[in-house]
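Ever wonder how people decide which label a residue or strand gets? Let's go through some labels together and check each against its rule.

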Amino acid sequence: MIITEDKYLGLAVDWHLRIDGNLGILYYYDPEGMIFHHLSLEKVTALLLMNGQNRLSEVREILSYLLDYLSESEVKKTIESIFTAASDDKNPTCILNVSDTPTISHNYDLESFIKKINNAKEGDNFSLIKRRLAAPLNLTIMPSNVCVTDCIYCYAERKQIPQNELMSTERWLELIDEAHSLGVELAVFSGGDPLTSPAILPILKRAIDKRFLFILPTKTFISKKLAGQMAEIGMQKSWNQISLDGILPQTLKQMVGIDDYDQIAFQSIKNLLEAGLKVRINIVITPLNYLEVPALTRKLCEMGVIRIGYTGYGRTHYRHNDDLFLTDNQIQFINEQTELLKNEFKGTKINNSTGTRDFSKMTIEERSQTWKGRSKCSGGRSSIAISPNGDVTLCEQMPLEKEYVVGNLKNQSIAEIWNSERMWNMINVPMEKFRGTPCDQCEQFVECQEVYGHCFRDALFNFGTIYTPPPACPKAPVGLRMK
């Protein structure tokens, strides 16, 4: 990326900055995923100056003044490192807007940001060295475990919780306020179906008031009245995700377990769009419905849907059927159709995440090749999941059992749980817990724990215990097909 001195630079609106300990966090949020980076004070300062109102020459001049301990070459290197990141093909969107004229960008207060960093305690950096944020970046909020459907592919435990054990609406609102005070701005609603909670509208409104970015998945019927209420509380910037897995009524009944879901889903989509709200469709694909995907996609595009996701069936811990896995030929069909549909409907973003993840067939060599490039676990390091009764787990797919619960928000704060000994011990499990497994005395044990995080979910789903390496590890026993 070549940027001349007279160009105006602005941090793209989809990217956000947060102070975390004595470093900065640059993060991007999208229905298809999230990415974040740790940044030094110098890079944070440079990005804050890229507010759409300063030319590159002005950014360089002001940065040299503010960071007078840096040489001219070091200032140049700092700015160029941002340009490099901005042109990285791995980023889902460009970090910078480059313009010939002033533009509107984020209105971050430079002085307050720098003050926060300079006032950070030295101890705050310890958690960052361990690749753990000083406070969560993302919350999974589960206000209800109830569903209106009974999907054959459901991954949720849906543990029944007595009414008198549910968190009150008032407590949910207090938690959102606390999360905001900690710098949390991202959320994913889950469950169960969030719209089955009588507290959902107040919770959504408070999240919107606190400028949270979130996605709301549901299979509940959204009437014109409900869509209007959602618009009134300001959900125009948030994504409403409707799951719709077929176009034929009989197929949908097989997939979600109720009659007339085609009418429920299509009318909900129509009502949301007419209310001016954003809609994303998620299609879970199995051998039962894969042939309907092209026709369903065309109908959705014609309705005005601009985001569609294809998700291949994945193994669940609570209800599973090997017959629902896609075959190689079926995946190839979806891949081919995806490219055709993308060309046909260029105004719709279609995300295809089918494919396979089969640890029963991967050789040790194949696992070794992918192991170092594996994704890092966010559980307890950048995110937590909050259940309807206030129990906190590292991952929404973990069972709500005492062994996996790190605290309860009825009588604890988010900060207390995040910084608790129980949480720390859960994400930094001592090696003796893994006695007799390949993790015992493994030279990479500390790296797995501190840098990447231990995937409790995959270990539990494959081997029945969290105290063993996940199936992706080349030292693990032969695992199962997960997708």
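Here comes a short round of questions and answers about this model.

This is a predicted model, where local features need pLDDT of at least 70, side-chain atom pairs count only at pLDDT 80 or more, and totals for chains, interfaces and linings use all residues. Residues are numbered from 1 along each chain as its sequence is written, and side-chain values use heavy atoms, with hydrogens and water left out.

Q: Why is Arg171 called buried?
A: Buried means under 20% relative accessible area, exposed means over 50%, and partly exposed is in between (1.4 Å probe, protein chains only). Arg171 has a relative accessible area of 17%, so it counts as buried.

Q: Where is Arg171 found, and what is it in contact with?
A: Arg171 is found in helix 6 (residues 169-181); helices (H or I, at least four residues) and strands (E, at least two) are DSSP runs, numbered from the N terminus. Contact means heavy atoms within 4.5 Å. Leaving aside neighbours within four places in sequence, Arg171 is in contact with Leu409, Lys410, Gln412 and Ser413.

Q: What makes Asp323 exposed?
A: Its relative accessibility is 61%, so Asp323 counts as exposed. Asp323 sits in the loop between strand 12 (307-312) and helix 12 (328-344).

Q: Why does Tyr65 count as exposed?
A: Tyr65 has 66% relative accessibility, so the label exposed fits. You'll find Tyr65 in helix 2 (residues 56-66).

Q: What makes Ile62, Tyr65 and Leu66 a patch?
A: Patches are made of residues with over 30% relative accessible area and no salt bridge (a side-chain nitrogen of Lys or Arg within 4 Å of a carboxyl oxygen of Asp or Glu). Like charges are joined within 9 Å, and nonpolar side chains (Val, Leu, Ile, Met, Phe, Trp, Tyr) within 5 Å. Ile62, Tyr65 and Leu66 form a nonpolar patch on the surface, with about 310 Å² of accessible area together. Accessible areas come from the Shrake-Rupley method with a 1.4 Å probe, and for residues only the protein chains shown count as cover.

Q: How do you know that strand 1 and strand 6 pair?
A: Two strands pair if DSSP finds at least two bridges between them. Four bridges join strand 1 (residues 8-11) to strand 6, and the two run antiparallel. As an example, Leu9 has Val98 in strand 6 as its bridge partner.

Q: Why are strand 5 and strand 6 said to stand at the edges?
A: Three strands form an open sheet in the order 5-1-6, with antiparallel pairing. Strand 5 (51-55) and strand 6 (96-99) each have a single partner strand, so one side of each is left without a neighbour in the sheet.

Q: How do you know that strand 2 and strand 3 pair?
A: Strand 2 (residues 15-20) and strand 3 share six bridges and pair in the antiparallel sense. Trp15 has Tyr28 in strand 3 as its bridge partner.

Q: What makes strand 3 mostly covered?
A: Seven of the eight residues in strand 3 (residues 23-30) are buried.

Q: Which of the two labels, buried or exposed, fits Arg211?
A: Arg211 has a relative accessible area of 68%, so it is exposed. Arg211 lies in the loop between helix 7 and strand 9 (213-218), and its phi is near 65°, a positive value in a residue other than glycine.
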